[in-house]
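Dear colleague,

Please find below the structure that I am handing over to you, together with its sequence. My notes on what was found in it follow directly after.

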Amino acid sequence: MTNIELLRATSADNSTAESIQLLLSQLSSKDVIFTEQDLAALLNDPASVLFLLYEDSKIVGMLTLCTYLSP
(Lines give C-alpha, C1' and ligand atoms only; values in the text may rest on other atoms or scores of the structure.)
Protein backbone atom coordinates (compact mmCIF):
# COMPACT_ATOMS: atom_id res chain seq x y z
CA MET A 1 0.00 0.00 0.00
CA THR A 2 1.25 3.47 -0.92
CA ASN A 3 1.65 5.98 1.89
CA ILE A 4 0.85 9.57 0.81
CA GLU A 5 1.27 12.62 3.06
CA LEU A 6 1.05 16.38 2.53
CA LEU A 7 3.18 18.13 5.16
CA ARG A 8 4.24 21.69 5.81
CA ALA A 9 7.98 22.11 5.32
CA THR A 10 9.58 23.41 8.50
CA SER A 11 13.32 22.95 8.11
CA ALA A 12 15.86 23.51 5.36
CA ASP A 13 18.24 20.69 4.54
CA ASN A 14 20.24 19.74 1.48
CA SER A 15 18.21 16.61 0.72
CA THR A 16 14.94 18.55 0.60
CA ALA A 17 16.49 21.30 -1.52
CA GLU A 18 17.78 18.70 -4.01
CA SER A 19 14.33 17.09 -4.24
CA ILE A 20 12.75 20.49 -4.91
CA GLN A 21 15.39 21.22 -7.54
CA LEU A 22 14.46 17.97 -9.31
CA LEU A 23 10.78 18.91 -9.26
CA LEU A 24 11.50 22.41 -10.59
CA SER A 25 13.70 21.04 -13.38
CA GLN A 26 10.66 19.15 -14.72
CA LEU A 27 8.96 22.51 -15.35
CA SER A 28 11.75 24.18 -17.30
CA SER A 29 14.06 23.39 -20.18
CA LYS A 30 16.70 25.60 -18.55
CA ASP A 31 19.01 24.53 -15.74
CA VAL A 32 17.39 25.06 -12.34
CA ILE A 33 19.46 25.84 -9.28
CA PHE A 34 17.63 25.66 -5.96
CA THR A 35 19.89 25.57 -2.91
CA GLU A 36 19.50 24.90 0.77
CA GLN A 37 19.87 28.67 1.26
CA ASP A 38 16.98 29.29 -1.16
CA LEU A 39 14.85 26.84 0.81
CA ALA A 40 15.79 28.51 4.10
CA ALA A 41 14.86 31.93 2.70
CA LEU A 42 11.48 30.62 1.55
CA LEU A 43 10.76 28.98 4.90
CA ASN A 44 11.79 32.11 6.82
CA ASP A 45 9.55 34.37 4.73
CA PRO A 46 6.43 35.08 6.83
CA ALA A 47 4.38 35.58 3.63
CA SER A 48 5.12 32.08 2.27
CA VAL A 49 4.21 28.55 3.32
CA LEU A 50 5.66 25.50 1.56
CA PHE A 51 3.85 22.15 1.58
CA LEU A 52 5.56 19.00 0.36
CA LEU A 53 3.77 15.93 -0.99
CA TYR A 54 5.42 12.67 0.02
CA GLU A 55 4.81 9.25 -1.49
CA ASP A 56 6.46 6.49 0.54
CA SER A 57 8.79 9.08 2.16
CA LYS A 58 9.89 10.52 -1.22
CA ILE A 59 9.02 14.11 -2.21
CA VAL A 60 6.87 13.91 -5.34
CA GLY A 61 5.15 17.30 -5.35
CA MET A 62 4.92 20.67 -3.66
CA LEU A 63 2.64 23.63 -3.13
CA THR A 64 3.62 27.14 -2.13
CA LEU A 65 1.05 29.42 -0.53
CA CYS A 66 2.00 33.10 -0.66
CA THR A 67 0.02 35.93 0.86
CA TYR A 68 0.12 39.59 -0.08
CA LEU A 69 -2.06 42.68 0.14
CA SER A 70 -4.16 43.48 -2.89
CA PRO A 71 -6.91 46.03 -3.41
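The mean pLDDT of the protein chain is 95, and 100% of its residues reach 70 or more. Please bear in mind that this is a predicted model. Among the elements of the chain, the lowest mean pLDDT, 96, belongs to α1, and the highest, 98, to β2.

Overall architecture

The protein chain contains 2 helices and 3 strands, and from the N terminus on these elements follow one another as β-α-α-β-β. Taken along the principal axes, the box filled by the C-alpha atoms is roughly 45 × 30 × 25 Å. Of the 71 residues in the chain, 20% are buried. The accessible surface comes to about 5,400 Å², and carbon and sulfur atoms account for 54% of that surface. When contacts between residues at least 6 apart in sequence are considered, 52% of them join residues at least 24 apart.

The sheet

The 3 strands form an open sheet in the order β1-β2-β3, with antiparallel pairing. Its edge strands are β1 and β3, each of which pairs on one side only. On average, neighbouring strands of this sheet are turned by 20° against each other, direction ignored. Helix α1 packs on the sheet, where it touches β2 and β3, and the direction of α1 makes about 85° with that of β3.

The two pairings can be described in turn. Strand β1, residues 4-8, pairs with β2 in the antiparallel sense over 5 bridges; within this pairing, L6 stands opposite L53 in β2. Strand β3, residues 58-66, is joined to β2 by 8 bridges, and these two strands also run antiparallel. Opposite pairs between β2 and β3 include L50 with T64, V49 with L65 and S48 with C66. The hairpin of β2 and β3 has 2 residues between the strands, and D56 takes a positive phi near 50° in this hairpin. As general background, strands of a sheet pair through backbone hydrogen bonds, either parallel or antiparallel.

The nonpolar core

Which residues make up the largest nonpolar core? This core has 10 residues in all, namely A9, A17, I20, L23, F34, L39, L50, L52, Y54 and I59. Helix α1 (14-25) and strand β2 (48-55) each supply at least two residues of the core. In soluble globular proteins, nonpolar side chains tend to be buried together. One member of the core, I59, deserves a separate entry for its contacts. Leaving out residues up to four places away in sequence, I59 touches T16, S19, L23, L52, L53 and Y54.

S48 and C66

I should also like to draw your attention to the pair formed by S48 and C66, which stand opposite each other in β2 and β3. Is S48 buried or exposed? With a relative accessible area of 10%, S48 is under the 20% cut-off and therefore counts as buried. Apart from residues up to four places away in sequence, S48 touches L42, L65 and C66.

C66, for its part, lies in strand β3. Its relative accessibility is 44%, which falls between the cut-offs of 20% and 50%, so C66 counts as partly exposed. Leaving aside neighbours within four places in sequence, C66 is in contact with A47 and S48. C66 is also 35 residues from D31 in sequence, and the two C-alpha atoms are 24 Å apart in space.

To recapitulate, the predicted model shows an open antiparallel sheet in the order β1-β2-β3, with α1 packed on the sheet and touching β2 and β3. The largest nonpolar core draws at least two residues from each of α1 and β2.

With kind regards

Methods
Residues numbered from 1 in each chain as written. Predicted model: local features only at pLDDT ≥ 70, side-chain atom pairs only at ≥ 80, totals over all residues. Heavy atoms only, no water. Helix = DSSP H or I, 4+ residues; strand = E, 2+ residues; numbered from the N terminus. Buried < 20%, exposed > 50% of the residue type's maximum accessible area, 1.4 Å probe, protein only. Contact = heavy atoms within 4.5 Å. Areas by Shrake-Rupley, 256 points an atom, 1.4 Å probe, with all protein chains shown as cover. Core = buried A, V, L, I, M, F, W, Y, C linked by side-chain atoms within 4.5 Å. pLDDT = per-residue confidence, 0-100. Pairing = 2+ DSSP bridges. Axes fitted to C-alpha atoms, helices over the stretch in contact; angles between N-to-C directions.
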